[in-house]
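Here is a quick tour for anyone meeting this structure for the first time. Have a look at the sequence and the model, then read on.

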Amino acid sequence: MDTETNIRTLFTSAKNQRKELESSPDPTSSVYHENLQAAITSLEECRKITDSISLFSPNETEDDISSGDLQYLLVDYYLADLILKDNTSDRRMILQRAQEIYERYLCLLDTYSMLNARDRKLYERYLEGRDDFSLISTTDPAARRDTKIARYKQENELKLKLEFLSKVPMELQGDDAALREIVLAEIQLCVHHTFHSLDVIGQELKILALMPTTPPPGPEDRAADYRERNGRRGDDYSDRLDPSLSLLTNKGKAGPILSKDGKPLKPFTLLDSRQTLRDGVFRPDHSLPTMTIDEYLAEEKRRGGIIEGGGEQSGRPAEPDEDNLDKADMETMKAREWDEFTESNPKGSGNTLNRG
């Protein structure tokens, strides 16, 4: 009796805390986190008690479970649902833990043959491929829409049934059959939500698998890395916005150019005088032309970038060569043939459409 009283107290307390968490205005507050952990602890204690006293046995059937103990089938579902609300720990571990508890909930119901035919098929499909499980496996848009509509209607029907059974008259509250039907309706609704949660968990785990394992560098790390790349350590850090002349000449790398033995430690450029360096600093901020337009066209013509010909020159007929008699005869014969053709075919003779 002490064990029965203890599990009933823990389960009732956890259910009340779960309802308060659902109506909490700030899920990120410390109070919300404390209440969440308290509810999780209560449900974990309930599960330990059910396992220690072997409340559920694979050798039994649904009819062997008393109406008072039937509600404890929901311990795993409530526990997994609350674990998913925890945003303070490693998200990947939270998802994997909730996935395992949801699977335990479905396995327990399947042991008692409490899954209907539709949920049984979903459970078998989940066991075949946990990583690729999806409520809507088809890629056909029409089939996906029909599946979503069917599941939405099924969820509404279960909610309406549970709401109706919860509002039975007070004289029926002591009826064992009525209480049993209420718990069975809630179990069926939780099975519906379980498959939806498993679908969401699988998608989120795939997204987390694509994310980098190392966290991105923070602002302090980026600042330190920038100073190291420019040869400035933390000891000689300065708030000056304009670097010194040595940093400019060394491209931001401080330190000696030559070693004590005279070996170069870094690349450097020899300049003829300080005036050359000064001219490179005090210069226009835009690029000045290095050649005239005529010089540019001459260079392009030399490289073959200009195509000659065309334009007005291409429309002028070539000057006849009076010494080429064969070509002159060909031009004469071509002109005669054209004259004979125009005489035999006057203009408009081919247009026969508008003749009366």
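Let's start with disulfides: this predicted model holds zero of them. How exposed are the cysteines C46 and C107? C46 is buried, and its relative accessible area is 0%. C107, on the other hand, is partly exposed, at 38%.

Now for the rings. Searching the whole structure turns up nine aromatic pairs. Take F11 and Y72: which kind of pair do their rings make, stacked or edge-to-face? Their centres sit 5.4 Å apart and the planes meet at 85°, so this pair is edge-to-face. That angle settles the matter because planes over 60 degrees apart count as edge-to-face.

Where do these two residues sit in the chain? F11 belongs to helix α1, which covers residues 2-22. Y72 is found in the loop between α2 (30-52) and α3 (75-83). The two parts are 61 residues apart in sequence, so the pair ties together stretches that the sequence keeps well separated. Both partners are tucked away, too: F11 is buried at 2% relative accessibility, and Y72 is buried at 4%.

The story doesn't end with that pair. Ring pairs link F11 and Y72 into a cluster along with Y77, Y78, Y102 and Y105.

Here are the accessibility values for the residues met so far, side by side:

| Residue | Relative accessible area | Class |
|---|---|---|
| C46 | 0% | buried |
| F11 | 2% | buried |
| Y72 | 4% | buried |
| C107 | 38% | partly exposed |

Stepping back to the chain as a whole, what is it built from, and how many helices and strands does it have? There are 13 helices and zero strands. Reading from the N terminus, then, you meet one α element after another: α-α-α-α-α-α-α-α-α-α-α-α-α.

How much of the chain is buried? Of its 356 residues, 25% are buried. The surface that the chain exposes comes to about 26500 Å², with carbon and sulfur atoms supplying 52% of that area. As for contacts between residues at least 6 apart in sequence, 64% of them join residues at least 24 apart.

Finally, a word on confidence. The chain has a mean pLDDT of 78, and 75% of its residues reach 70 or more. Which helix has the lowest confidence, and which the highest? The lowest is α9 (residues 245-249), with a mean of 56, while the highest is α3, at 92. Helix α3 is also one end of the loop that holds Y72.

How values were computed
Residues numbered from 1 in each chain as written. Predicted model: local features only at pLDDT ≥ 70, side-chain atom pairs only at ≥ 80, totals over all residues. Heavy atoms only, no water. Disulfide = S-S within 2.5 Å. Buried < 20%, exposed > 50% of the residue type's maximum accessible area, 1.4 Å probe, protein only. Phe/Tyr/Trp six-rings, centres within 6.5 Å; stacked < 30°, edge-to-face > 60°. Helix = DSSP H or I, 4+ residues; strand = E, 2+ residues; numbered from the N terminus. Contact = heavy atoms within 4.5 Å. Areas by Shrake-Rupley, 256 points an atom, 1.4 Å probe, with all protein chains shown as cover. pLDDT = per-residue confidence, 0-100.
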